[in-house]
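Have a look at the protein shown here. Keep the sequence and the 3D view side by side as you read.

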Amino acid sequence: MAGESVHTDRDRQYCELCGKMENLLKCGRCRNSFYCSKEHQKQDWKKHKLVCKEAESGQSTSDGKGKPAGPEEGSAERAHHRATPPESSGGSALRPVSNHLKPNGQTRTHPQKLAMECIVPSMNKHGICVVDTFLGDEVGDSILREVKALYQTGRFTDGQLVSQKSDSSKDIRGDKITWIEGKESGCEKISFLMSRMDDLVRHCNGKLGSYKINGRTKAMVACYPGNGTGYVRHVDNPNGDGRCVTCIYYLNKNWDAKEHGGLLRIFPEGKAQFADIEPKFDRLLLFWSDRRNPHEVQPAYTTRYAITVWYFDADERAKAKEKYLTASGEKGVKVELNKPPDMNLKEV
């Protein structure tokens, strides 16, 4: 895959009708839309014909009667760097962008280019974006070493639930977590990851819906110890605490979902399909944090590491703080903002 550029049309690399992303066929007329079968192309033709145009080469494969041109095999690039489709029928998988690297581990693709050509269009269309080979093996290995060292020192505690007692949380989430600001000794590479996330979000800012991002949380470093625990279906920000974008970096080498489990399954609001994301090494995932994206971590049967950062919308965060201060000032009233611990604002 060396030398392959970021796909500017990544949001089209799936069946226009059902969202499937394996063994795609390409519309032989416009060469821009994809289908998993001729049957799905025919079913979608009434809608697709309104936007279908002949390829720039001028070669038309239409039969001249307004019927869909027979799909042809998709380009070779479709067969690599793809999220594994879910086992369940009705599921959909997102095609990750491959972010290629220079030898020193710096991204060849400028953060602005990656943001504008991939993250912004994908988030605004799907509410989810997957980027593979985000930092490269060398940097990813360094981050993984730091995470493992943190875990071995016993700094991780059971993941907590908002507005629930700690002894009730184990039935809902089985991860162990620690919070990292980025200035701690031995966390230099984790800090580097956070700065690269910030770079991407900074270039997306003002273009992700109506959000104006002005800060983020500390990094939550999480470990599922591989004992079959996961995290039941939930929403990160169901009550308007300010979080708008969830950003997760995965650190799991040679991950095989069939053997290891641990899929992140997202149930986008209003869609029949779900999206399964494998927690693969050096993979970056972004999605809306609110009720549009309920999600779950399926039981993991080997150690699973991830680093999560949440980004704040300025207006929603300000309103949440005002609500908290007003309510907490009333006699005898305690209010939880549905936020994880140590969710300190960091300017972006």
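This report goes from the whole chain to its inner spaces, its rings and then some single residues.

## The whole chain

This is a predicted model. The protein has 348 residues, and 51% of them are buried. Its secondary structure comes to six helices and 16 strands.

How much of the contact network joins residues at least 24 apart? Take the contacts between residues at least 6 apart in sequence: 76% of them join residues at least 24 apart. Several examples appear below.

## A cavity inside

Two cavities of 30 Å³ or more are counted in the model. The second largest cavity holds about 40 Å³ of space. Which residues line the second largest cavity? They are I119, M123, V201, C204, L208, V245 and L286.

Two helices stand out in this lining. Helix α2 (111-126) and helix α4 (188-204) each supply at least two of its residues. By class, the lining has seven nonpolar residues. Polar residues are absent from it, and so are charged ones.

## Aromatic rings

The structure holds six aromatic pairs. One of them is formed by W179 and W310. A pair of rings is described by the distance of the centres and the angle of the planes. For W179 and W310, the centres are 6.3 Å apart and the planes meet at 35°. The pair counts as tilted because its angle falls between the cut-offs of 30 and 60 degrees.

This pair links distant parts of the chain. W179 is in strand β7 (residues 176-180), while W310 is in strand β16 (residues 304-313). The two are 131 residues apart. Both W179 and W310 are buried. Elsewhere, Y151, F156 and Y305 form one aromatic cluster.

## Charges over rings

Rings also pair up with charged side chains here. The charged end of R233 sits over the ring of F267, at 4.0 Å from the ring centre. R317 lies over the face of F312, 4.2 Å from the centre of that ring.

## Buried residues in helix, strand and loop

Start with a helix. H260 is found in helix α5 (residues 257-260). Is H260 buried or exposed? Its relative accessible area is 15%, so H260 counts as buried, the cut-off being under 20%. Leaving aside neighbours within four places in sequence, H260 is in contact with N254, W255, P299, A300, Y301 and T302.

Now a strand. T308 lies in strand β16. T308 is buried, with a relative accessible area of 7%. T308 and T246 are 62 residues apart in sequence, yet their C-alpha atoms are 7.1 Å apart in space. Again leaving aside neighbours within four places, T308 is in contact with K218, A219, M220, T246, C247 and I248.

Loops can hold buried residues too. C27 is in the loop between β1 (25-26) and β2 (34-35). C27 has 0% relative accessibility, so C27 counts as buried. K38 is 11 residues from C27 along the chain, and their C-alpha atoms are separated by 9.4 Å.

## The loop between β13 and β14

F281 lies in the loop between β13 (275-277) and β14 (283-288). F281 is buried, with a relative accessible area of 15%. Which residues does F281 touch, not counting those up to four places away in sequence? The answer is D137, G140, D141, L144, Y250, L251, N252 and K253. From F281 to K253 there are 28 residues in sequence but 5.0 Å in space, C-alpha to C-alpha.

D282 lies in the loop between β13 and β14 as well. D282 is buried, with a relative accessible area of 2%.

## Positive phi angles

Most residues other than glycine have a negative phi. D282 is not a glycine, yet it has a positive phi of about 65°.

T133 is another case: its phi is positive, about 45°, although it is not a glycine. T133 is found in the loop between β5 (128-132) and α3 (137-152). Where D282 is buried, T133 is partly exposed, with a relative accessible area of 26%.

Methods: Residues numbered from 1 in each chain as written. Predicted model: local features only at pLDDT ≥ 70, side-chain atom pairs only at ≥ 80, totals over all residues. Heavy atoms only, no water. 1 Å grid on protein atoms, 1.4 Å probe; cavity = no way out; pocket = protein on both sides within 12 Å on 5 of 7 lines; lining within 4 Å. Points joined across faces, edges and corners; volume = space filled by probe spheres on them. Helix = DSSP H or I, 4+ residues; strand = E, 2+ residues; numbered from the N terminus. Phe/Tyr/Trp six-rings, centres within 6.5 Å; stacked < 30°, edge-to-face > 60°. Buried < 20%, exposed > 50% of the residue type's maximum accessible area, 1.4 Å probe, protein only. Lys NZ or Arg CZ within 6 Å of the ring centre and 35° of its normal. Contact = heavy atoms within 4.5 Å.
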